[in-house]
There are 2 protein chains.
Amino acid sequence: MLEKSALILNSFLPDGGPYRLSELVARTGLSKPTAHRLTADLTRLGWLERTGAHYRLGAKLFELGALVPRRRDLRETALPFLQDLFEATHEIVHLGVREGLDVVYLERIHGHNAIWLPSRIGGSLPLTCTGVGKALLAFSDAELTERVLSQPLPRLTPYTITDPEQLRTSLEQTQVSGLAYEEQEAAKGVSCIAAPVFVAGTAVAALSVAVPRARFRPAQLAPAVRTAALGLSRALRGGTR
Amino acid sequence: MLEKSALILNSFLPDGGPYRLSELVARTGLSKPTAHRLTADLTRLGWLERTGAHYRLGAKLFELGALVPRRRDLRETALPFLQDLFEATHEIVHLGVREGLDVVYLERIHGHNAIWLPSRIGGSLPLTCTGVGKALLAFSDAELTERVLSQPLPRLTPYTITDPEQLRTSLEQTQVSGLAYEEQEAAKGVSCIAAPVFVAGTAVAALSVAVPRARFRPAQLAPAVRTAALGLSRALRGGTR
DNA sequence: ATCTTTGTTCCATGACGCGGAACAGTGCGG
DNA sequence: CCGCACTGTTCCGCGTCATGGAACAAAGAT
């Protein structure tokens, strides 16, 4: 019952629908009457919304999701630093954390005419081909790095690094510089520079700036990203101090 | 089963816990074994998280909540305008929509040393004592206004307007000016100016700037808020045009 | 050390979730 | 205009699994 409801709701990942009843049946493997009854129940609870034949995730989930402490608290204290970074660069700014072998984005702010990127708030991407992901991976347990490098590296663009050794040297470079670079590995034509956020010696998050390749100027961006990451690290350590 | 799970999750509103099992039992009215079993199930699904004796809302809800189309789409197209408004003012910027007799906040951005406000992303406040709420109410059906005015107006501060006639004239003023003012009605020491966002003649959202009373300069803020609201209106109407 | 509160396990009962099947509504193509 | 295919909805008998009282264990409190 609960598990079947979770099947339905999870079938909206990663892009949120909308889906018709028969599509949900196909995606979940539930029987038609069961899916029908459950979608009706979920709609009454506000977890789904129905317009005509189309089901979408419901507003109640938005309210609950915004309260999730592990996400909300970090996002809240990070926001001023993300704003600083945006104001300094006027490029797309990300905040992300690690979840298993993926990065989950907690925040993503941008201005007008923002270029397309696969990153979404609440969405996940591989650690291996994103700026935020590489910053997190470079400062995680060596054990995790080995696990990631030992399996095939997912490819998002023709420029995605899929050779483990090449990725390893890239990670080693960020370990010495404290900055992760990513060039067209997640989206064609866009490069990215990221820095980890440390609390008690472990990288708990990372933030990044994504820039169209044409106007990618690492020398300008690096100090801004590093400054924001250090500021956030300090804020997380010391409370409001 | 589903309903009881919803009882548990909803009992985390409005501030997200954490709660112990016995607190959840008290908040939901469920029996102890049932609550125990359901929290275990919800934890397996990632809808709750447990650290020691404390339950919190889980990361899966954050992922699902971020996908809710009715919230995500509006937030996404509004963000650049909210950034403009923040950059112009460096004060707390809100985006909200109406949900019943409340306003629900979709976005809330701020810088360092932000003052305290009761508004939270995903949280709701009365339409009657918030800038965003008054902007929405002033441009809704007269029927809704009458319904709101006919019942006792909730009070958040000593300055909250609780006299229906006083609120009515305030709403009439915003109808002619296109701007809603709120002075210490939601939080002591903070004033707010808001403007509605129109699509096809109806106010679908509103955005606002909240400012410490000491440096509240309406003449500076009004054009910025109005400009952002008009820009967002146009963007919602015309797509990317 | 005793009492109180909280968390966990067990189990007999029966409520209700389940899905096959049959029906109704919708849209498409001939 | 009619039939066909598909989707959505209702029905209902079966059997599963959720339910909560009770008893037990663990953790604080006095």
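Colleague: What area is buried between chain A and chain B, and what makes it count as buried?

Modeller: In this predicted model, the area buried between chain A and chain B is about 5,000 Å². Buried area is the accessible area that two parts lose on being put together, summed over both, so the value of about 5,000 Å² covers both chains. Carbon and sulfur atoms give 67% of it. On the side of chain A, the residues that lose the most area to chain B are A:Leu2, A:Phe62 and A:His112, together 14% of what that side buries.

Colleague: How many residues are in contact, and what makes a pair a contact?

Modeller: Contact means heavy atoms within 4.5 Å. By that criterion, 55 residues of chain A are in contact with 55 residues of chain B.

Colleague: How do you know that the copies meet through the same surface?

Modeller: Of the interface residues of chain A, 100% are also interface residues in chain B, and therefore the surface is the same for both copies.

Colleague: Why is the relation between chain A and chain B called that of a two-fold axis?

Modeller: Two copies of a chain are related by a rotation about an axis and a shift along it. Here, a turn of 180° and a shift of 0.0 Å along the axis lay chain A on chain B with an RMSD of 0.0 Å. That is the relation of a two-fold axis. In chain A, the C-alpha nearest the axis belongs to A:Gly65, 2.3 Å from it.

Colleague: Which residues come nearest to DNA strand D, and what makes a residue count as near?

Modeller: A residue is near a strand if one of its heavy atoms lies within 4 Å of it. Of the 13 residues around DNA strand D, A:Ser22, A:His36, A:Arg50, B:Thr34 and B:Arg37 come nearest. This surface has four nonpolar, four polar and five charged residues. The elements that each supply at least two of its residues are α2 (21-28) and α3 (32-45) of chain A together with α3 (32-45) of chain B.

Colleague: Why is the pair formed by A:Lys32 and DNA strand D called a polar contact?

Modeller: A polar contact is a pair of N or O atoms within 3.5 Å. A polar side-chain atom of A:Lys32 lies 3.3 Å from a base oxygen of DNA strand D, so this pair meets the limit. A backbone N or O atom of A:Ser22 lies 2.7 Å from a phosphate oxygen of DNA strand D, and that pair therefore qualifies as well.

Colleague: Which parts of DNA strand C and which residues of chain B form such pairs?

Modeller: A base oxygen of DNA strand C is 3.3 Å from an N or O atom in the side chain of B:Lys32. A phosphate oxygen of DNA strand C lies 2.8 Å from a polar side-chain atom of B:His36, and a backbone N or O atom of B:Leu21 lies 3.4 Å from a phosphate oxygen of that strand. Of the atoms of DNA strand C within 4 Å of the protein, 67% belong to sugar or phosphate and the rest to bases.

Colleague: What is the peptide bond from A:Leu13 to A:Pro14 called, and what is its omega?

Modeller: The bond from A:Leu13 to A:Pro14 is cis, with omega near 0°. A:Pro14 is found in the loop between α1 (2-10) and α2 of chain A. In chain B, the peptide bond from B:Leu13 to B:Pro14 is also cis, with omega near 5°.

Terms used: Residues are numbered from 1 along each chain as its sequence is written. Chains are lettered from A and ligands numbered from 1 in the order in which they are written. This is a predicted model: local features need pLDDT of at least 70, side-chain atom pairs count only at pLDDT 80 or more; totals for chains, interfaces and linings use all residues. Side-chain values use heavy atoms; hydrogens and water are left out. A polar contact is a pair of N or O atoms within 3.5 Å; within protein, one must be able to donate a hydrogen and the other to accept it, and residues adjacent in sequence count only if both atoms are side-chain atoms. Helices (H or I, at least four residues) and strands (E, at least two) are DSSP runs, numbered from the N terminus. Ala, Val, Leu, Ile, Met, Phe, Trp, Tyr, Cys and Pro count as nonpolar, Asp, Glu, Lys and Arg as charged, and the others, Gly among them, as polar. Copies are superposed by least squares on the C-alpha atoms of residues with pLDDT of at least 70 in both. Buried area is the accessible area (1.4 Å probe) that two parts lose on being put together, summed over both.
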